[in-house]
Structures are given as structure tokens and as C-alpha cells.
Amino acid sequence: MSTLDFLFNGFAVAFQWQNIMFAFVGVLIGTAVGVLPGIGPMSGVALLIPVTATLTSGMPTEAAAASSIILLAGVYYGAMYGGSTTSILLNTPGESSSVVTTLDGYQMAKQGRAGAALSIAAIGSFAAGIISLIGLVLLAEPLSKIALKFGPAEYFSLMLLGLCAVSGLAGKSMTKALIMTIFGLLLATIGIDAVSGIARFTYDLPILYSGLEFLTIAVGLFALGEVFKTILERDKEDGAIAKINRILPTKKDLKDSAVPIVRGSLLGFFIGVLPGAGATLASFFSYMTEKKFSKHPEKFGTGVIAGVAGPESANNAASGGAMIPLLTLGIPGSGTTAILMGALIMYNIQPGPLLFEDHPEVAWGLIASMFIGNLMLLVLNMPLVKVFAKIIQTPKKYLLPIIVAISFFGVYAVQYTTFDLYLLLACGVLGYLLAKNDYPLAPLVLALVLGPMIENNMRRALTISNGDFSIFISKPLSLAFIIAAVAWLVVPLLMKLKGRNVIVNDEE
Amino acid sequence: MSKTFDRFTGIAFLLIGLLFVIESRSISKSAYGSSVGPDIFPTVLGIILILLSLRLLFETMKYERAEGKKESVQYVKFLIIFISAAVYATVLEPLGYVISTFIFLLIAFQTMERGKWISSLLIAGAFSFGVYYFFAEFLGGSLPGFPEF
């Protein structure tokens, strides 16, 4: 079957009524998650895993996996849409990927053009979503064909590259990022070893035999960590929300933002494909590019529509691009995709090159549903922008305890142990303390998900080579990955030594 | 960034690294005749973690930063909510989901801001009953709903 046939079948899956519902609920919750400060896409997706698991419990495994991943991915790219709303209306970004949107977006809102900024952000995100999906469709098959030729050595090196890329770009201190990565990998070794069946670091506690649940740790670190932070450091009340008068952009606005949207989408897509460089970096680069290409660069920061259109398209395109390494190689490039991957693994579906052969309905159903989801977002966002702006005003005194309660429910409904609830609370405190002191959390979660796979591939490769470690550098592809991994760590260090500023990727 | 915190974590991760290295030695060496046993991966990682935390400790020696800026941190509110969350975790199974969630939410709401008892009661009640009935009755999930007398 050709790619088009597969895509057609994907649409058949995505158009099943329950999947349309799932996509709708996903993007709706995603937009809300993006608007609400305090919950990012990562904790939003993690919190919804148990809910989707229950919703799909009656279905056959594959259909259930397809439906829930459709919903969870909807939350992911929906959050990218929603993040712009608070940036523009309140000058406080809902997500780190919308930070640059505040520069020109809030200025536009002050001039009474909030509606135009919001709708351009929505249109740009839609265009970006479609462009990145076309890229996904075109690249998915060839990439997974190449990936099928990989042996364990290549996989090990590729995952090493993924981890190095995320650690090299995350946070202010690379030492701290690397510590978090290694710590995550070590936590992943707790439990029964999948290869030999030997219990490691369990101290005869039965609760540890299955290892630490990544869902618990992710929700604790991100959702509870953020809640604790807001409780502890709750400072001033938010400022006034800008008024939205006219929603539709003028013709001039549309003309001015058409090129930035296309440029931002392409840039964002390719940055998203790269592991480690996510939506935050993409929006940042796009803003700088627009400034460079503009005829009036001095006007940026005073409410130029290109400064909203470019970055908002870029961060959405990056979230589409980030699906490529996840689906074709089975290697998540960011914290949120790591959590999506964890969700797929829960359904016993291994993302990777075989995904397109073994579970075409999951892979292509997801891709097709992203088309539909993006369309829904556009339809939802244009008229409902005022409604979503209302969500911002949800009082924190109700929101924060409810997030705690939802986290408890989510973890307990999947794990059924009180132990996981204590672990959740501990991770919350840990997440607050670590994030406050510039220890990036995304590498930890990524390492926790990748850990078992890295170890298994390493041991399989070493078994093939009879324990000879040179197998990782004697295979050309594997060597290339390792060189790239080392470069990812060394180049930023060299640039720092030269006194240049290195742009770092924040949590997303 | 606080220097004391970095020092503390440096030492903590150093100890964690050591713990993993030492504990790995008690894992049996070989699996099914393969030369690479289950102990290698954690041992290597433990060593890397030790080296990295030494580097972190070294880095904390270098930078001198005494930021006098004290943030007003609301420990009391946090502690009340944290402790009630811990109690919530403990009583969730014996007391059931609905009652424990209701009490936890009520305490947390009132801790965040005193007053407005009626809306606190209503939201806490709606959430705890709503989630339980939606999840357990409508979706058929299993949750310990009420205490078993």
C-alpha cells in the first residue's frame, strides 16, 4: 500500500465518531491547559493518561491506544494554541514556548488590537499545524524504513544522542542537566531487570519490583511542583486583562503575517524534528528571523503583527515536528513527547519504525486526527477566544487544590497503591526545589522513559560483540550518532568559553 | 540559585551515585552466559553521577554569589496543604475517595483563602462526588468510594 492509502485508512480511523470526540475533548482541554498558568502541556498530558485509560477500557487494545493517543496529542498541540492567549492578554505566558509572543502580542493588546493578535496566532498555528503534518506524512515512511535497518548498537547510540541533545540545551548549567539525566537513568534501573529477571535495588520490597512508575514521577515533578511553587511564592494578583474588541484581523494584518507564518512554520518544523530543541527554541529563533528579515526591525517590540505570527506558527510547527522522531524512531525529543511515548507503552505499543507496520491504525490514525484537531482548534479559537480569556480568571484558591486532587485521582486510578501517592508528594517537593535551583526536569523524565530501552540495546549490542565495547564505534552509523552526541555537549561549552550567549531551552 | 542548595545536592547525588555503585556489586554478575550482566549499566551510571556531582561541588566553589534578596515564602500555607495532602493519601483507602477528597479540598480551599464557606463546600462536594460517580459508576472504573462498615 502506498502512503496515500495508509493516510486514507488513517482518516477512516480518525473519523470514527468516538475518535472525533476524543480529538475534540483533547484540543479543548489542551487549550484550557495552555491558557491556565500553572499547568503546562507536560503535566496536562500526564494527568489525562489515567482518564483516557479508563475511557478506553472497554475497547480492543489497538483501538484503545489509537483513541487515547489522539486525545493526548490533542492536548499537546492544543496547549500550544492556548499558550498564546495569556501572553497576549496578560503579558504572562501560559507556556514557556509563548514567552516571545508577549513582546509584540501584549503591545498589540494595549493598542486595542488584542483580537487581531489572537486570531493571527490561531491562524498561524493552524497553518503551521498543517505544514508540519504534511512534513510528517512525507518523512514518516522513509525515515522508518531507514530506522528498520538499525541494530541494537545504532539504537543505543541514537538514544544517547537524544539524551545528550536534551541535556546540552536544557537549563543554565549543563552539569546540572547531565546530573538530572543520569539520575533519571538510575531511577529507571530500579525493579526487575527485563533481560535477566534479577531484582535490582528493590530491597525485597514488592512495591518496587515493577519499578517506579513514570506517570507518578512526571505528575509529581511537573504538576505538583508547579502547584507548590504557586502556593509558596504566590505574589501579586494578576494584572488587568486586555479587552477584546474586534476579533477578525484586517486585510493588512493578514498580508503582513502571511510570509512570517510560512517562514515560522518551516523553521519550527525542522527545529522540532531535532531532538532537544523544542517549541521554545523554535519560537525564539522565529522571532529573531522575522526581525532580521523585516524592513523595520526597530519596530519590533512595539506591536508588530509579524512578531506574533512567526513565533506562534513556529511553536506549533515544532510540536508537530517533534512527533516525527517519536513515531518513526521511537525516541522522544522532549519531555512532553516522552510522556506520550510512556502512554503508548502502557498500551503495549512500542513507538518506533515498526509502529507503521505493526499498528498502522495507531500511527496513521493519529496523523489524520491531527489534521482534524487543527481544524477544530481554528473553529474553536476564533469565536471562543473570549470564553478562553475568561478561564484565565479562574481563582487560584480553587484551581490549585483541585490540581492536587486531580493528580491524586490520576495516580491512584492507574496504580491503586498508597505508595505511589507518597511518591507523588515527594516528587512534588523535589520538583519544586530542583526547578527553583535551575535543575531542569525534562531530562529526568526523558531518561526515565528511555532508560530501560537504552540499557537493553546496550546489552544486546554487547552480547553480539561478546562484550567488546568497540561495536559502538566500529559501525559507521552508530559512530556518527556518537560523534553528534559528543558535539552536542561540547559545542555549547566551547561557545560559552568564547563568551557567547547560548540560548537554552526551557521546560515545555 | 543558592550555593548552599547546590552544595547539598552535590553531596546528595554523590552519595546516591556511591550507593548505586556499591549496591550494584551485590547484583549477580552474569545473565544466561552473556558477558554483560545486569550490574554493568547501574555501575557505570553511578560512577558518572559521582564524577558529575564532584564537578558540581567544584563549580559551587567557584562562583561567589550572595544574593540578599529574600522572597516572601508562605511556608505556613504550604505546610498545611502538604500535610493535609499526606493525610489524604493515608486515609484514601480506609475512608474512601468521596469523604477524604471532600475533606482535603475543604481544608485546602480554606487555607488558600479564609471565608466563602458556601462556595468552598459546594465546589469540594461537586468535585468529590462528581469525579467518583463519573469514574466509578459511569465509566466503570474502580475506586474505593465509601468506608466499608
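Trainee: In chain A, what share of the contacts between residues at least 6 apart in sequence join residues at least 24 apart?

Mentor: That share is 81%. Keep in mind that this is a predicted model. A contact here asks for C-beta atoms within 7 Å.

Trainee: Why is chain A called as compact as a globular protein of its length?

Mentor: Put two values side by side. Chain A has 21 helices and two strands. Its radius of gyration is 22 Å, and the globule rule gives 23 Å for 508 residues; the two are close, so chain A counts as being as compact as a globular protein of that length. The box around its C-alpha atoms, along the principal axes, is roughly 70 × 55 × 50 Å.

Trainee: How many of the 508 residues are buried, as a percentage?

Mentor: Buried residues come to 61% in chain A. To earn the word, a residue needs 20 or more other C-beta atoms within 10 Å of its own.

Trainee: What makes α14(A) mostly covered?

Mentor: Ten of its twelve residues are buried. Among them are A:G335, A:I339, A:M341 and A:L344.

Trainee: Which helices do those buried residues pack against?

Mentor: In chain A they pack against α3 (41-55), α4 (61-90), α9 (214-232), α13 (323-329) and α19 (442-464).

Trainee: How do you know what span to expect for helix α14, residues 335-346?

Mentor: Count 1.5 Å a residue and you expect 16 Å; from first C-alpha to last, the helix reaches 17 Å, which is close. Just after α14(A), A:N348 has a positive phi of about 65°.

Technical notes: Residues are numbered from 1 along each chain as its sequence is written. Chains are lettered from A and ligands numbered from 1 in the order in which they are written. This is a predicted model: local features need pLDDT of at least 70, side-chain atom pairs count only at pLDDT 80 or more; totals for chains, interfaces and linings use all residues. Helices (H or I, at least four residues) and strands (E, at least two) are DSSP runs, numbered from the N terminus. The radius of gyration is taken over C-alpha atoms; the globule rule is 2.2 Å times the number of residues to the power 0.38. Two residues are in contact if their C-beta atoms, placed from the backbone, lie within 7 Å. The expected span of a helix is 1.5 Å times one less than its number of residues.
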